[in-house]
There are 2 protein chains.
Amino acid sequence: MNHLPYGVFSTTGQAPRVGVRIGNHVLDLAAALGDEVFAAPSLNPFMALGPVAWRETRRRLQDHEWDADPIPLGQVTLHLPFEVADYVDFYCSLEHATNLGRMFRPDEEPLKPNWRHLPVGYHGRSGTIVVSGTPISRPNGQRGAGVFGPSVRLDIEAELGFVVGVPGSGAFEDHVFGVTLVNDWSARDIQAWEYVPLGPFLGKSFATSISPWVTPLAALSAARVDGRAQDPRPLDYLRRSGGPWGLDLELAVELNGEIVSRPPYREMYWTPDQMLAHLTVNGASLRTGDLFASGTVSGAENGRQGSLIELSWNGAEPVKLANGDTRTFLEDGDTVTISASAPGTDGNRISLGEVTGTILPARSIT
Amino acid sequence: MNHLPYGVFSTTGQAPRVGVRIGNHVLDLAAALGDEVFAAPSLNPFMALGPVAWRETRRRLQDHEWDADPIPLGQVTLHLPFEVADYVDFYCSLEHATNLGRMFRPDEEPLKPNWRHLPVGYHGRSGTIVVSGTPISRPNGQRGAGVFGPSVRLDIEAELGFVVGVPGSGAFEDHVFGVTLVNDWSARDIQAWEYVPLGPFLGKSFATSISPWVTPLAALSAARVDGRAQDPRPLDYLRRSGGPWGLDLELAVELNGEIVSRPPYREMYWTPDQMLAHLTVNGASLRTGDLFASGTVSGAENGRQGSLIELSWNGAEPVKLANGDTRTFLEDGDTVTISASAPGTDGNRISLGEVTGTILPARSIT
């Protein structure tokens, strides 16, 4: 009862509705708490109620002020937990940005001059965000001048996503409802050809997978740590959050059942309160359901990067699997699962809801 | 009756609903046609019905198979005409891309190697798309290392936007409902500092204005022209539309009541069917309400560019106004109005619904 992540589930013949996970069961919240806000097919109406309602719901659940039989997970179908408004993807790992700079722009300084001054980010495609378990078709696209076909450098990006509950703009805790794991699938060949000068587009927009479970911020209070030292000192608007909002989550990336990386979230350079402050400093408003993700979580140590392009160093050093297989990028049929754990509020670790996906062959272009 | 653009309007005490513009009047379509799909506060339900319903509605309107009194425009409030799903902004003018390349990257070839091979584009922020007439606050932001404050290079981008009606992916006419004028406000100083390597973000995301009226494709049939010659020849997937979808629209940009530019849409390099084919070739699906815009419409002739940064050549050659004022970028209180006309189906020209906005001083950062 120290985690209590929220999701949307259905049972045979019943419409999707909000549930909370308790171990290997789901509690139907509309039934258990008698509140119609949970009868919606997404978390959005509940998230829009704001922090007081979030706290009160969590308290009622923890104090067992409810009456219903939790349903075994095996009997439910899980759905996209919220309706995604705008999706922003940041680029907050110093190591990831440095590694990709080296590979994409070998003749330049790996970090652009702006990188240490602001959390670099861009908008992604909301309409292709899918729930964990959705198969991912290998994208077709241009991989160079006159070169067209299925991506041959299909990659993952292990990320943490932050889900906005309350519209407007203001302090982190007043707006952000919780976190979810994100796999920002990336076709590196399409991306490398298209991304100048306006950024990634089709190399990312075919699919982004998220966990079916959103972990409320309250469940992460024991995971909060100081952010990493930042030099130069960020501008005032990036230092006002009442943090700390560094998060001591350990991610794990499984490829066909074998863990190939353990990205450490606490090593991220920019913290999520800074992402939010930056995202809104120009006056841009928030909407319920906005999702902003951290960018690939990559640690400094080898084997702790959140993408295959880093783990295989641009394909030069294939990742060796225990069964003798090797991988540079993803092959058809591969399954990637990202999980994460964090210190819980009662001393036990909590395991965030994982995000998984299997690669299907490219669709034929007719 | 050769135009019949659609919008969403309200009168005192009545909820917003769909109307069609007839001269200086609005026809309440739910009342006139007796169809509840028009009682919605957005065009989305009607747009989702698809081309057969669009044609039939247009025919009934043109054949005067309706009974209601059109309401004078002066008695209605106009609203955002559709609920925006994903917003993509392209970069389809050869002249604009060349001009901006020269200014942003003076030491390089102005066009990146990919530009003639694909319509370059990126995702923008849907949640800050506002209807014409909404005041635009000058954005705050980082303009360089350690430099923060209101943008001092606030600009416009005169664009044409294409509104998706039918989800899925397929032929242009089966999915695109119509067009609307777009002003993609741009803070050039914020953009220049932030945009590497992931593209424009806060320099654009504070606001994008669109016309309250969506012109159906059918009204533009006489405006269709061959697209511009393309060299190299585009890949097959970019040449399959059953076009032509070049469009002979003439835009006009008014600054404080004076026309300062007349961007010619027919000079655009990439056509909207190519934008759509590219957007979806990786498998990305469409949703009702997706908006994709052309990017700034700039002609080859001087004085026919769709942005101030081009008209003033990066501030070096201020635009002179008739009243003696000059402008490089926008000042507080300035009003910009973008309009457009096109050959109509009956030989008379049609005037697209204009998009206007006035600049307010920057909000103070507290």
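This is a guided tour of a predicted model with chains A and B, stop by stop.

**The two copies**

Begin with both chains displayed together, and superpose chain B on chain A: a turn of 180 degrees with a shift of 0.0 Å along the axis achieves this with an RMSD of 0.0 Å. That is the relation of a two-fold axis. To find the axis from the side of chain B, select B:Gly199, whose C-alpha is the nearest to the axis in that chain, at 2.0 Å from it. If you then colour the contact residues, you will find that both copies use the same surface, since 100% of the contact residues of chain B recur in chain A.

**Two buried serines of chain A**

Select A:Ser205 next, which belongs to helix H7 of chain A, spanning residues 202-205. Is A:Ser205 buried or exposed? Its relative accessible area is 3%, and because the limit for a buried residue is under 20%, A:Ser205 counts as buried. Draw the distance from its side chain to the side chain of B:Asn282, and you have a polar contact of 2.9 Å. Showing the surroundings of A:Ser205, with neighbours within four places in sequence left aside, brings up contacts from both chains, namely A:Arg125 and A:Thr128 together with B:His123, B:Asn282 and B:Ala284.

Move from there to A:Ser126, in the loop of chain A that lies between strand E7 (121-124) and strand E8 (129-131). This serine is buried as well, with a relative accessibility of 4%. Beyond the neighbours within four places in sequence, A:Ser126 is in contact with A:Val84, A:Ala85, A:Asp86 and A:Tyr87 in chain A, and with B:Asp86 and B:Arg287 in chain B. For a sense of scale, add A:Glu301 to the selection: the two residues are 175 residues apart along the chain, and their C-alpha atoms are separated by 32 Å.

**Aromatic rings**

Now show the side chains of the aromatic residues; over all chains, a search of the whole structure finds 28 aromatic pairs. One of them joins A:Tyr269 and A:Trp270, whose ring centres are 5.3 Å apart and whose planes meet at 75 degrees, so the pair is edge-to-face. Both A:Tyr269 and A:Trp270 are buried.

Then select A:Phe90, A:Phe162, A:Phe172, A:Trp245, A:Phe292 and B:Phe201, which ring pairs link into a cluster. Stay with A:Trp245 and add A:Arg224, whose charged end sits over the tryptophan ring at 3.6 Å from its centre. In chain B, the charged end of B:Arg224 sits over the ring of B:Trp245, at 3.7 Å from the centre.

**Strands E1 to E3 of chain A**

Switch to a cartoon view and select strand E1 (residues 6-10) and strand E2 (residues 17-22) of chain A, which run antiparallel and are joined by four bridges. Across this pairing, A:Gly7 stands opposite A:Gly19 in E2(A). The two strands form a hairpin with six residues between them, and A:Gly13 in its turn has a positive phi of about 80 degrees.

Continue from E2(A) to strand E3 (residues 25-28), where the pairing is again antiparallel and has four bridges. Here A:Arg21 has A:Val26 in E3(A) as its bridge partner. Between E2(A) and E3(A) there are two residues, the strands form a hairpin, and A:Gly23 in the turn has a positive phi of about 60 degrees.

**The sheet in chain B**

In chain B, look for an open sheet of five strands, with antiparallel pairing and the order E4-E3-E2-E1-E5. Its edge strands are E4 (71-72) and E5 (77-79), each of which pairs on one side only. Within it, E1 (residues 6-10) and E2 (residues 17-22) of chain B are joined by four bridges, and B:Phe9 stands opposite B:Arg17 in E2(B).

**Around strand E26 of chain A**

Finish at strand E26 (residues 349-360) of chain A, which pairs over two bridges, in the parallel sense, with strand E9 (residues 136-137). In this pairing A:Ile136 stands opposite A:Ile359. E26(A) is also joined by eight bridges to strand E25 (residues 335-343), with an antiparallel course, and A:Ala342 has A:Ile350 as its bridge partner there. The last selection is the turn of the hairpin formed by E25(A) and E26(A), which has five residues between the strands and in which A:Gly347 has a positive phi of about 95 degrees.

Notes: Residues numbered from 1 in each chain as written. Chains lettered and ligands numbered in written order. Predicted model: local features only at pLDDT ≥ 70, side-chain atom pairs only at ≥ 80, totals over all residues. Heavy atoms only, no water. Phe/Tyr/Trp six-rings, centres within 6.5 Å; stacked < 30°, edge-to-face > 60°. Buried < 20%, exposed > 50% of the residue type's maximum accessible area, 1.4 Å probe, protein only. Lys NZ or Arg CZ within 6 Å of the ring centre and 35° of its normal. Polar contact = N/O pair within 3.5 Å; in protein donor to acceptor, adjacent residues only side chain to side chain. Contact = heavy atoms within 4.5 Å. Pairing = 2+ DSSP bridges. Least-squares fit on C-alpha atoms with pLDDT ≥ 70 in both.
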